[in-house]
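Thanks for making time this morning. I would like to walk you through one structure, starting with its charged pairs and ending with a helix, and I will take questions afterwards.

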Amino acid sequence: MKLGFLGLGNMASAMIGGILKEGIAKQGEIIGSAKTEKTAKEKAVEFGIETCIDNRKIAKQADVLILAVKPRFFPEVIAEIRDIVQEETLVISIAAGKTITYIEEQFGTFPNGKSIKLVRCMPNTPALVLAGCTGYCVNSMVSNEEKDFAEKLFGSFGKAMEVPERLMDTVGSVAGSSPAFVFMFIEAMADGAVAEGMPRKQALEFAAQAVLGSAKLVLESGMHPEELKDMVCSPGGSTIQGVRELEKGGMRGAVIDAVIACAEKSRTL
(Lines give C-alpha, C1' and ligand atoms only; values in the text may rest on other atoms or scores of the structure.)
Protein backbone atom coordinates (compact mmCIF):
# COMPACT_ATOMS: atom_id res chain seq x y z
CA MET A 1 0.00 0.00 0.00
CA LYS A 2 1.21 3.48 -0.88
CA LEU A 3 0.40 6.46 1.32
CA GLY A 4 0.67 9.70 -0.63
CA PHE A 5 0.86 13.17 0.89
CA LEU A 6 0.06 16.28 -1.12
CA GLY A 7 1.83 18.85 1.04
CA LEU A 8 4.70 18.19 3.42
CA GLY A 9 4.22 20.92 6.03
CA ASN A 10 4.15 20.60 9.81
CA MET A 11 0.96 18.56 10.04
CA ALA A 12 1.95 16.18 7.26
CA SER A 13 5.36 15.78 8.92
CA ALA A 14 3.71 14.99 12.24
CA MET A 15 1.52 12.37 10.60
CA ILE A 16 4.43 10.78 8.74
CA GLY A 17 6.51 10.68 11.91
CA GLY A 18 3.76 8.91 13.83
CA ILE A 19 2.97 6.51 11.02
CA LEU A 20 6.62 5.45 10.76
CA LYS A 21 7.11 5.18 14.52
CA GLU A 22 4.03 3.00 14.97
CA GLY A 23 4.84 0.87 11.93
CA ILE A 24 1.60 1.65 10.11
CA ALA A 25 3.68 1.96 6.95
CA LYS A 26 7.34 1.62 6.01
CA GLN A 27 9.49 4.35 4.48
CA GLY A 28 9.19 2.81 1.02
CA GLU A 29 5.39 2.91 1.27
CA ILE A 30 5.17 6.67 1.88
CA ILE A 31 5.50 9.26 -0.88
CA GLY A 32 4.86 12.98 -0.86
CA SER A 33 4.89 16.18 -2.85
CA ALA A 34 5.90 19.66 -1.72
CA LYS A 35 5.55 23.08 -3.29
CA THR A 36 9.31 23.61 -3.52
CA GLU A 37 12.31 21.43 -4.30
CA LYS A 38 13.92 22.60 -1.06
CA THR A 39 11.11 21.28 1.12
CA ALA A 40 10.86 18.05 -0.90
CA LYS A 41 14.57 17.34 -0.43
CA GLU A 42 14.49 18.21 3.28
CA LYS A 43 11.60 15.83 3.95
CA ALA A 44 13.20 13.08 1.89
CA VAL A 45 16.27 13.31 4.12
CA GLU A 46 14.28 13.68 7.35
CA PHE A 47 12.02 10.66 6.83
CA GLY A 48 13.78 8.58 4.18
CA ILE A 49 10.77 8.70 1.88
CA GLU A 50 10.34 9.43 -1.82
CA THR A 51 9.36 13.06 -2.49
CA CYS A 52 8.83 15.33 -5.48
CA ILE A 53 7.08 18.54 -6.52
CA ASP A 54 4.59 16.79 -8.82
CA ASN A 55 1.14 16.35 -7.25
CA ARG A 56 -0.06 14.27 -10.17
CA LYS A 57 2.75 11.76 -9.74
CA ILE A 58 1.80 11.23 -6.10
CA ALA A 59 -1.93 11.02 -6.83
CA LYS A 60 -1.30 8.40 -9.52
CA GLN A 61 0.68 6.11 -7.21
CA ALA A 62 -1.19 6.51 -3.92
CA ASP A 63 -3.69 4.00 -2.57
CA VAL A 64 -4.40 6.40 0.29
CA LEU A 65 -4.09 10.06 -0.66
CA ILE A 66 -3.79 12.67 2.10
CA LEU A 67 -4.67 16.23 1.10
CA ALA A 68 -2.38 18.19 3.42
CA VAL A 69 -2.39 21.54 1.64
CA LYS A 70 -3.91 24.78 2.97
CA PRO A 71 -7.68 25.13 2.43
CA ARG A 72 -7.20 28.04 0.03
CA PHE A 73 -5.22 25.80 -2.33
CA PHE A 74 -7.85 23.06 -2.52
CA PRO A 75 -9.55 24.20 -5.76
CA GLU A 76 -6.33 24.31 -7.77
CA VAL A 77 -4.81 21.16 -6.28
CA ILE A 78 -7.97 19.07 -6.72
CA ALA A 79 -8.40 20.38 -10.28
CA GLU A 80 -4.87 19.19 -10.96
CA ILE A 81 -5.41 15.63 -9.74
CA ARG A 82 -9.10 14.79 -10.03
CA ASP A 83 -8.73 12.99 -13.38
CA ILE A 84 -6.01 10.76 -11.87
CA VAL A 85 -7.58 9.67 -8.58
CA GLN A 86 -9.11 6.21 -8.93
CA GLU A 87 -12.39 4.94 -7.54
CA GLU A 88 -10.57 2.64 -5.11
CA THR A 89 -8.33 5.43 -3.75
CA LEU A 90 -9.09 6.49 -0.18
CA VAL A 91 -8.83 10.28 0.03
CA ILE A 92 -8.17 11.94 3.40
CA SER A 93 -8.56 15.69 3.88
CA ILE A 94 -7.05 17.57 6.83
CA ALA A 95 -8.31 21.00 5.71
CA ALA A 96 -10.32 23.15 8.09
CA GLY A 97 -13.71 24.30 6.85
CA LYS A 98 -13.85 22.15 3.72
CA THR A 99 -16.92 19.93 3.99
CA ILE A 100 -17.40 16.48 2.57
CA THR A 101 -19.95 17.86 0.09
CA TYR A 102 -17.56 20.61 -1.03
CA ILE A 103 -14.69 18.17 -1.61
CA GLU A 104 -16.93 15.68 -3.41
CA GLU A 105 -18.13 18.46 -5.72
CA GLN A 106 -14.56 19.53 -6.44
CA PHE A 107 -13.62 15.99 -7.47
CA GLY A 108 -16.84 15.28 -9.33
CA THR A 109 -18.09 11.74 -9.89
CA PHE A 110 -16.70 8.68 -11.65
CA PRO A 111 -18.33 7.41 -14.88
CA ASN A 112 -20.53 5.10 -12.79
CA GLY A 113 -21.86 8.11 -10.87
CA LYS A 114 -20.08 7.29 -7.60
CA SER A 115 -18.19 9.83 -5.50
CA ILE A 116 -14.68 9.44 -4.12
CA LYS A 117 -14.05 7.58 -0.90
CA LEU A 118 -13.48 10.45 1.52
CA VAL A 119 -12.38 10.86 5.11
CA ARG A 120 -12.47 14.38 6.53
CA CYS A 121 -10.31 14.91 9.60
CA MET A 122 -8.92 17.66 11.79
CA PRO A 123 -5.64 16.85 13.58
CA ASN A 124 -3.76 19.34 15.77
CA THR A 125 -0.14 20.40 16.20
CA PRO A 126 0.59 18.28 19.32
CA ALA A 127 0.68 15.46 16.77
CA LEU A 128 4.26 16.68 16.26
CA VAL A 129 5.08 15.02 19.61
CA LEU A 130 2.66 12.11 19.07
CA ALA A 131 0.13 13.65 21.47
CA GLY A 132 -2.39 14.87 18.93
CA CYS A 133 -6.16 14.80 19.02
CA THR A 134 -7.90 14.10 15.71
CA GLY A 135 -11.62 14.23 15.00
CA TYR A 136 -12.82 12.60 11.79
CA CYS A 137 -15.90 11.73 9.76
CA VAL A 138 -16.41 9.76 6.54
CA ASN A 139 -18.71 9.79 3.53
CA SER A 140 -21.00 6.94 2.49
CA MET A 141 -18.43 5.45 0.10
CA VAL A 142 -15.98 4.52 2.88
CA SER A 143 -16.20 0.94 4.13
CA ASN A 144 -15.94 -0.03 7.80
CA GLU A 145 -12.54 -1.57 7.08
CA GLU A 146 -11.31 1.67 5.51
CA LYS A 147 -12.69 3.69 8.41
CA ASP A 148 -10.86 1.45 10.88
CA PHE A 149 -7.67 1.92 8.90
CA ALA A 150 -8.08 5.71 8.97
CA GLU A 151 -8.61 5.68 12.74
CA LYS A 152 -5.53 3.51 13.18
CA LEU A 153 -3.60 5.96 11.01
CA PHE A 154 -4.73 8.96 13.10
CA GLY A 155 -4.14 7.04 16.32
CA SER A 156 -0.46 6.64 15.40
CA PHE A 157 0.16 10.26 16.41
CA GLY A 158 -2.31 10.67 19.28
CA LYS A 159 -5.99 10.16 20.10
CA ALA A 160 -8.56 9.76 17.32
CA MET A 161 -12.34 10.03 17.62
CA GLU A 162 -15.15 9.82 15.08
CA VAL A 163 -17.65 12.68 15.23
CA PRO A 164 -20.68 13.76 13.17
CA GLU A 165 -19.62 16.14 10.41
CA ARG A 166 -21.72 18.92 11.95
CA LEU A 167 -19.19 18.98 14.82
CA MET A 168 -16.04 19.14 12.69
CA ASP A 169 -15.77 22.93 12.97
CA THR A 170 -16.09 22.51 16.74
CA VAL A 171 -13.29 19.94 16.67
CA GLY A 172 -11.21 22.49 14.78
CA SER A 173 -11.71 25.05 17.52
CA VAL A 174 -11.61 22.97 20.72
CA ALA A 175 -8.69 20.80 19.52
CA GLY A 176 -7.17 22.32 16.39
CA SER A 177 -6.94 25.98 17.39
CA SER A 178 -6.85 25.63 21.16
CA PRO A 179 -3.15 24.72 21.47
CA ALA A 180 -2.50 28.38 20.63
CA PHE A 181 -4.62 29.37 23.63
CA VAL A 182 -2.77 26.92 25.86
CA PHE A 183 0.60 28.23 24.67
CA MET A 184 -0.54 31.75 25.58
CA PHE A 185 -1.61 30.51 29.03
CA ILE A 186 1.74 28.80 29.59
CA GLU A 187 3.58 31.94 28.52
CA ALA A 188 1.43 34.11 30.78
CA MET A 189 2.03 31.84 33.79
CA ALA A 190 5.75 31.92 33.08
CA ASP A 191 5.61 35.72 32.85
CA GLY A 192 4.04 35.81 36.29
CA ALA A 193 6.76 33.57 37.69
CA VAL A 194 9.44 35.75 36.07
CA ALA A 195 7.83 38.79 37.68
CA GLU A 196 8.27 36.97 40.98
CA GLY A 197 11.98 36.43 40.29
CA MET A 198 12.17 33.00 38.63
CA PRO A 199 14.50 32.60 35.60
CA ARG A 200 12.59 32.46 32.30
CA LYS A 201 13.69 28.97 31.24
CA GLN A 202 12.79 27.47 34.59
CA ALA A 203 9.48 29.34 34.69
CA LEU A 204 8.49 27.91 31.30
CA GLU A 205 9.39 24.40 32.41
CA PHE A 206 7.30 24.68 35.58
CA ALA A 207 4.33 26.17 33.72
CA ALA A 208 4.40 23.67 30.84
CA GLN A 209 4.78 20.67 33.14
CA ALA A 210 1.90 21.91 35.30
CA VAL A 211 -0.35 22.09 32.23
CA LEU A 212 0.80 18.67 30.99
CA GLY A 213 0.18 17.06 34.37
CA SER A 214 -3.19 18.75 34.81
CA ALA A 215 -4.41 17.55 31.41
CA LYS A 216 -3.21 14.02 32.16
CA LEU A 217 -5.08 14.12 35.49
CA VAL A 218 -8.32 15.12 33.75
CA LEU A 219 -8.00 12.32 31.19
CA GLU A 220 -6.91 9.56 33.56
CA SER A 221 -8.91 10.34 36.71
CA GLY A 222 -12.28 10.63 34.98
CA MET A 223 -13.10 13.48 37.36
CA HIS A 224 -14.75 16.71 36.24
CA PRO A 225 -12.32 19.65 35.98
CA GLU A 226 -14.40 21.51 38.57
CA GLU A 227 -13.82 18.73 41.11
CA LEU A 228 -10.09 18.76 40.41
CA LYS A 229 -9.99 22.55 40.73
CA ASP A 230 -11.75 22.38 44.09
CA MET A 231 -9.20 19.82 45.30
CA VAL A 232 -6.46 22.44 44.84
CA CYS A 233 -8.40 25.33 46.36
CA SER A 234 -7.94 25.05 50.12
CA PRO A 235 -10.19 27.31 52.24
CA GLY A 236 -8.46 30.63 52.78
CA GLY A 237 -5.51 29.49 50.68
CA SER A 238 -3.49 31.09 47.92
CA THR A 239 -5.00 29.13 45.01
CA ILE A 240 -8.54 30.39 45.54
CA GLN A 241 -7.19 33.95 45.47
CA GLY A 242 -5.62 33.24 42.09
CA VAL A 243 -8.89 31.72 40.85
CA ARG A 244 -10.67 34.86 42.07
CA GLU A 245 -8.38 37.04 39.95
CA LEU A 246 -8.95 34.88 36.88
CA GLU A 247 -12.72 35.13 37.37
CA LYS A 248 -12.43 38.91 37.75
CA GLY A 249 -10.54 39.02 34.46
CA GLY A 250 -13.26 37.06 32.66
CA MET A 251 -11.09 34.07 31.81
CA ARG A 252 -13.95 31.60 31.30
CA GLY A 253 -15.95 33.92 29.07
CA ALA A 254 -12.89 34.85 27.02
CA VAL A 255 -11.99 31.20 26.40
CA ILE A 256 -15.58 30.29 25.48
CA ASP A 257 -15.75 33.22 23.08
CA ALA A 258 -12.41 32.23 21.52
CA VAL A 259 -13.58 28.66 20.83
CA ILE A 260 -16.85 29.92 19.30
CA ALA A 261 -15.00 32.50 17.19
CA CYS A 262 -12.69 29.80 15.78
CA ALA A 263 -15.62 27.55 14.89
CA GLU A 264 -17.44 30.43 13.18
CA LYS A 265 -14.36 31.33 11.15
CA SER A 266 -13.81 27.70 10.17
CA ARG A 267 -17.26 27.60 8.57
CA THR A 268 -16.28 30.41 6.22
CA LEU A 269 -12.96 28.96 5.01
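**Salt bridges, a pocket and two local sites**

Let me begin with a pair close together in the sequence: Lys229 is partly exposed, with a relative accessible area of 29%, and Lys229 forms a salt bridge with Asp230, where the closest N and O atoms are 3.5 Å apart. Asp230 is likewise partly exposed, at 43% relative accessible area. Please keep in mind throughout that this is a predicted model.

How many salt bridges does a search of the whole structure find? The search finds 17, and I will take a few of them in turn.

One of them joins Asp83 and Arg56, with 3.1 Å between the closest N and O atoms. Asp83 sits in the loop between α4 (74–81) and β5 (90–93), while Arg56 belongs to helix α3 (residues 55–61), so this salt bridge ties together parts that are 27 residues apart in sequence. As for their surroundings, Asp83 counts as exposed at 56% relative accessibility, whereas Arg56, with a relative accessible area of 35%, is partly exposed.

A second example lies within a single helix: the side chains of Lys216 and Glu220 meet in a salt bridge, at 2.6 Å from N to O. Why can these two side chains meet? Lys216 and Glu220 are four residues apart in helix α8 (residues 200–221), and are therefore separated by about one helical turn. The general point is that an α-helix has 3.6 residues a turn, so residues three or four places apart point the same way. Lys216 counts as partly exposed, at 48% relative accessibility, and Glu220, at 58%, counts as exposed.

Beyond these pairs, there is also a network of salt bridges, in which Arg120, Glu165, Asp169 and Arg267 are linked.

Let me turn now to the second largest pocket, which has a volume of about 1,000 Å³. Of the 39 residues that line this pocket, Ala68, Val69, Lys70, Pro71 and Ile94 are the closest to its centre. The elements that give two or more residues to the lining are α1 (10–22), α4, α7 (168–195) and α11 (251–266), and the largest share, five residues, comes from α7. If we sort the lining of the second largest pocket by character, we find 19 nonpolar residues, 14 polar and six charged.

My next site is Leu8, which is placed in the loop between β1 (3–6) and α1. Is Leu8 buried or exposed? At 5% relative accessibility, Leu8 counts as buried. Leaving aside residues up to four places away in sequence, Leu8 touches Ser13, Ile16, Gly32, Ser33, Ala34, Thr39, Lys43 and Thr51. For a sense of scale, the C-alpha atoms of Leu8 and Arg200, which are 192 residues apart along the chain, are separated by 33 Å.

Finally, I come to helix α5 (residues 100–107), in which Ile100, Ile103 and Phe107 are buried. These three residues cover an arc of only 70° around the axis, which puts them on the same side of α5. The buried residues of α5 pack against β4 (64–67), α4, β5, β6 (117–122) and β7 (132–138). Just after α5 comes Gly108, which takes a positive phi of about 80°.

Key
Residues numbered from 1 in each chain as written. Heavy atoms only, no water. Salt bridge = Lys/Arg side-chain N within 4 Å of Asp/Glu carboxyl O. Buried < 20%, exposed > 50% of the residue type's maximum accessible area, 1.4 Å probe, protein only. 1 Å grid on protein atoms, 1.4 Å probe; cavity = no way out; pocket = protein on both sides within 12 Å on 5 of 7 lines; lining within 4 Å. Points joined across faces, edges and corners; volume = space filled by probe spheres on them. Nonpolar A, V, L, I, M, F, W, Y, C, P; charged D, E, K, R; others polar. Contact = heavy atoms within 4.5 Å. Arc of directions from axis to C-beta.
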